[in-house]
Amino acid sequence: MATVNYSVPDEIKNRFNQVFAHQNKSHLIAELMKQAIAEYEHQQQRTRAIDTLLKLRAKQNPVTEKAIRSARKHGRP
């Protein structure tokens, strides 16, 4: 098990200690770190997906408004 040392503002540290007074703070910090990693990885996935979609879109030919209207009407009663 590793020991880490981070600086945080005193008011955050004091409030954290107050709110989680009777809990395992090491476990809580580890869980928060896991969540931060998961959120970061999810954001990276979203960024890659958006980049992929934008690249695909750049390769497509533009569609006219007339073609869009026609496609919307096609197959409708």
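**A stretched-out helical protein**

With 77 residues, a compact globule would have a radius of gyration near 11 Å, but this protein has 25 Å. That radius is taken over C-alpha atoms, and the globule rule is 2.2 Å times the number of residues to the power 0.38. Keep in mind that this is a predicted model, where local features need pLDDT of at least 70 and side-chain atom pairs count only at pLDDT 80 or more, while totals for chains, interfaces and linings use all residues. Residues are numbered from 1 along each chain as its sequence is written, and side-chain values use heavy atoms, leaving out hydrogens and water.

**Overall build**
- The protein has 3 helices and 0 strands (DSSP runs numbered from the N terminus: helices are H or I with at least four residues, strands are E with at least two).
- Its C-alpha trace spans about 65 × 30 × 25 Å along the principal axes.
- Just 3% of the 77 residues are buried (buried is under 20% relative accessible area, exposed over 50%, partly exposed in between, with a 1.4 Å probe and protein chains only).

**Helix α2**
- Helix α2 covers residues 25-59, and its 35 residues reach 51 Å from first C-alpha to last, close to the 51 Å expected at 1.5 Å a residue (the expected span is 1.5 Å times one less than the number of residues).

**Around Val8**
- Val8 sits in the segment before α1 (10-19).
- Val8 counts as partly exposed because its relative accessibility is 47%.
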